[in-house]
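Thanks for coming, everyone. I'll take one chain today and walk through it. Here it is on the screen.

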Amino acid sequence: MLKILGAMLIIMSTSAMGYLYSFGYRERVRQLRELQFSLNSLSSEILYASNPLWIAFNNVSKVCTSPFKELFLKISENLKNRSTETLVEAFNLAYNEYKEEFYLEKEDIELLNTFIQGLSSNDTEGHKKNFNIAIKKLESIEKDAEDKRQKNEKLYNYLGVLCGLLIVILLV
């Protein structure tokens, strides 16, 4: 009876490890979609409502979910309080504070950083181009991330279960 209970605990724990590892793939796709939604909202705030950046980031933080909600709110606070000199500094300061909550890869963060740099130095036409380029690039990144998720999510789920079974077989 004790052996069966131990075997079940081993299989359940390795399965949970596999599910937790595959969670990163699923969460990255969700965050990329949320980022696209946030950039579309930010585009409306800046281009059509003509709000200052700190108000635009504050309004967008109200409609998006975590971790972008906290990120945009912190950027807004940094700009409003003038605790940083530029938008890029405000973004970097806010991102460094919340980077543990993001499942984005280096490529995704570089795109976001490039977008923020373009946002701080362009006129209205430049902003439109910057938003279009960033959103199109995010769409292609999201498609690749979804393909990766579909391939690897099942792999890690099965790998967790099979590793547990292998450990149980080796111990018995």
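Let me start with a question: in which helix do arginine 149 and glutamate 153 lie, and how many residues apart are they? Both are in helix H6, and the spacing is 4 residues, about one turn of the helix. Their side chains meet in a salt bridge, 2.4 Å from N to O. And both arginine 149 and glutamate 153 are buried.

One caution before I go on. This is a predicted model. Please keep that in mind for every distance I quote.

Now the overall layout. The chain has 6 helices and 0 strands. Read along the sequence, that gives α-α-α-α-α-α. The C-alpha trace spans about 70 × 30 × 25 Å along its principal axes. The radius of gyration is 21 Å, whereas a compact globule of 172 residues would come out near 16 Å.

What about surface and interior? Of the 172 residues, 42% are buried. The chain exposes about 10400 Å², and carbon and sulfur atoms supply 58% of that area. Now take the contacts with a separation of 6 or more: 68% of them are between residues 24 or more positions apart.

On to the core. The largest nonpolar core has 36 residues. Which members touch the most others? They are Leu42, Phe57, Leu71, Ile75 and Phe115. Each of the helices H1 (2-48), H2 (53-63), H3 (68-80), H4 (87-98), H5 (106-119) and H6 (124-171) supplies at least two residues of this core. H1 gives the largest share, 7 residues.

Look at leucine 71 in particular. Set aside its neighbours within four places in sequence. Then leucine 71 is in contact with Phe91, Ala94, Tyr95, Tyr98 and Phe102.

Back to charges. The count of salt bridges is 11. You have seen one of them within helix H6. Two others join distant parts of the chain, so let me show them in turn.

The first pair is aspartate 108 with arginine 28. Their closest N and O atoms are 2.9 Å apart. Aspartate 108 sits in helix H5 and arginine 28 in helix H1, 80 residues apart. Are these two buried or exposed? Both are buried.

The second pair is arginine 33 with glutamate 142. This salt bridge is 2.6 Å, N to O. Arginine 33 belongs to helix H1 and glutamate 142 to helix H6, with the two positions 109 residues apart. Here the burial is split. Glutamate 142 has a relative accessible area of 14%, so it counts as buried. Arginine 33 is at 44%, so it counts as partly exposed.

These residues also belong to a wider arrangement. Arg26, Arg33, Glu142, Glu146, Arg149 and Glu153 are linked in a network of salt bridges. That network includes the pair I opened with, Arg149 and Glu153.

Last topic, cysteines. A disulfide is a covalent bond between the sulfur atoms of two cysteines. How many disulfides does this chain have? The count is 0. Cysteine 64 is at 4% relative accessibility, so it counts as buried. Cysteine 163 is at 35%, so it is partly exposed.

To recap: 6 helices, a largest nonpolar core of 36 residues, and 11 salt bridges. I'm happy to take questions.

Methods. Residues numbered from 1 in each chain as written. Heavy atoms only, no water. Core = buried A, V, L, I, M, F, W, Y, C linked by side-chain atoms within 4.5 Å. Buried < 20%, exposed > 50% of the residue type's maximum accessible area, 1.4 Å probe, protein only. Contact = heavy atoms within 4.5 Å. Salt bridge = Lys/Arg side-chain N within 4 Å of Asp/Glu carboxyl O. Rg over C-alpha atoms; globule rule 2.2 N^0.38 Å. Areas by Shrake-Rupley, 256 points an atom, 1.4 Å probe, with all protein chains shown as cover. Disulfide = S-S within 2.5 Å.
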